[in-house]
Structure formats: structure tokens, C-alpha cells
Amino acid sequence: MTDILESTGQALLYGVVGLTVMAAGFLALDLVTPGRLFHVVWTERNRGAAVLLGSQSIAVGLVIMEAIRASESEQGLGYGLLSTLLYGLAGVLVMTLVGIVIGLLTPGQMGAVVLDDGDGRPHPGAWVQAGMYLGTAFLVGAAVS
């Protein structure tokens, strides 16, 4: 029973670290897209923004998963939590940089382009950027494992 309680406590701590990294990812995406992301997704119901946010959330989750796997160490729980936090934040940083680079290489302001869903469908650029986030997550996840 003690093992179950200890594992549950560890899972909760890793959950807090994961939530912290997810929040950092949300803030980073909010900084590189026009408007307030929460408002654009939930009030304006912008599908392109939802595609980006959903894919980025999955991507951050993948990085966190691999960071937790890589954090198992004889150095203890504190080391594991810290390494998970740092690997997760590194993943968010790389995803944000990928988004910025894509924006520099595409015509127009990428953030504004991917939020253009005037015909009721996400702009194709939103799907491309979503794919880049997921690809980046696999890259970062492989690097930390």
C-alpha cells in the first residue's frame, strides 16, 4: 500500500510539472499569435487557432512523456522533477522557435495567416504549423531519451 501511495504522490508531482510546462507552452503560443489566444479560440471560435493550440498541447505532452521516462534516475525524485521541467521548457522553446522560423519563411505574417479561417475551415498553414509542432516534439523527445 505504501508503494501505491508513494507512486500516486510522484504522479501528482509530475502532473504539476507537466501542467506548468503546458501553461508555459500556452503563453509562448499566445505571444506569437495575434490577439489573446484564449479569446481567439473560445470566444471567436477560430479553428486555425484551435488546430495550433491542440497540436501544440499534444506536442508538449509528448515531450513531457519522454522527459519523465528519461528522468528515472538514482539521483531521486527532485532530480527527476527538475529534469522533466527543464526538458519540457526546452521543448516549448524549440517549438516556439520553429513557429517563428516558419513565420519568417512564409508570405505574410504567419500568425495572422493561420488564424484566417474566413471560409469556416482552418487555413492550410495551420495544419503545416501543427505538423511542425508534432515533428519538433518527436525530435526533442528523442533527444532527451
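Hi everyone, let's start with residues 49-68: the C-alpha atoms at the two ends of this span lie 28 Å apart, and the span is 100% helix and 0% strand. Please keep in mind that we are looking at a predicted model.

Why pick that span? An unreviewed UniProt entry lists residues 49-68 under "transmembrane region", along with 12-29, 80-106 and 126-144. Take residues 12-29 as well: here the end C-alpha atoms are 25 Å apart, and again we have 100% helix and 0% strand.

Now let's see how two of the helices meet. Two packed helices are described by the angle between their axes and by the distance between those axes. Helix α3, residues 47-71, packs with helix α6, residues 124-144, at an angle of about 5 degrees, and their axes are 9 Å apart. With an angle under 35 degrees, α3 counts as roughly parallel to α6. On the α3 side, the residues making the contact include G48, V51, L52, L62 and A67; from α6, W127, Y133, L134 and F138 are among them. What kinds of residues make up this contact? They divide into 17 nonpolar, 5 polar and 1 charged.

Next stop, helix α4, which covers residues 77-105 and holds T84. Is T84 buried or exposed? Its relative accessibility is 0%, so T84 counts as buried. Leaving out residues up to four places away in sequence, T84 touches Y14, V17, I64, A67, I68 and S71. You may remember A67 from the contact between α3 and α6. L62 is another residue of that contact; T84 and L62 are 22 residues apart in sequence, and their C-alpha atoms are 12 Å apart in space.

Let's move on to the aromatic rings. How many aromatic pairs does the structure hold? There is 1, formed by F38 and W42. Their rings are stacked, at 4.7 Å centre to centre and with 25 degrees between the planes. Because F38 and W42 are 4 residues apart in helix α2, residues 37-42, about one helical turn separates them. As for F38, its relative accessibility is 53%, so F38 counts as exposed.

Finally, follow the chain into the loop between α2 and α3, where you will find N46. N46 has a relative accessible area of 7%, so this residue is buried. Which residues does N46 touch, not counting those up to four places away in sequence? They are V40, V41, L115 and D117.

That's my tour, thanks for listening!

Notes. Residues are numbered from 1 along each chain as its sequence is written. This is a predicted model: local features need pLDDT of at least 70, side-chain atom pairs count only at pLDDT 80 or more; totals for chains, interfaces and linings use all residues. Side-chain values use heavy atoms; hydrogens and water are left out. Buried means under 20% relative accessible area, exposed over 50%, partly exposed in between (1.4 Å probe, protein chains only). Contact means heavy atoms within 4.5 Å. Axes are lines fitted to C-alpha atoms, for helices over the stretch in contact, and angles run from 0 to 180 degrees between N-to-C directions. Angles under 35 degrees count as roughly parallel, over 145 as roughly antiparallel, 65 to 115 as roughly perpendicular and the rest as oblique. Ala, Val, Leu, Ile, Met, Phe, Trp, Tyr, Cys and Pro count as nonpolar, Asp, Glu, Lys and Arg as charged, and the others, Gly among them, as polar. UniProt positions are given in the numbering used here, feature names are shortened, and annotations may be inferred rather than shown by experiment. Rings of Phe, Tyr and Trp (its six-membered ring) pair if their centres lie within 6.5 Å; planes under 30 degrees apart count as stacked, over 60 as edge-to-face and the rest as tilted.
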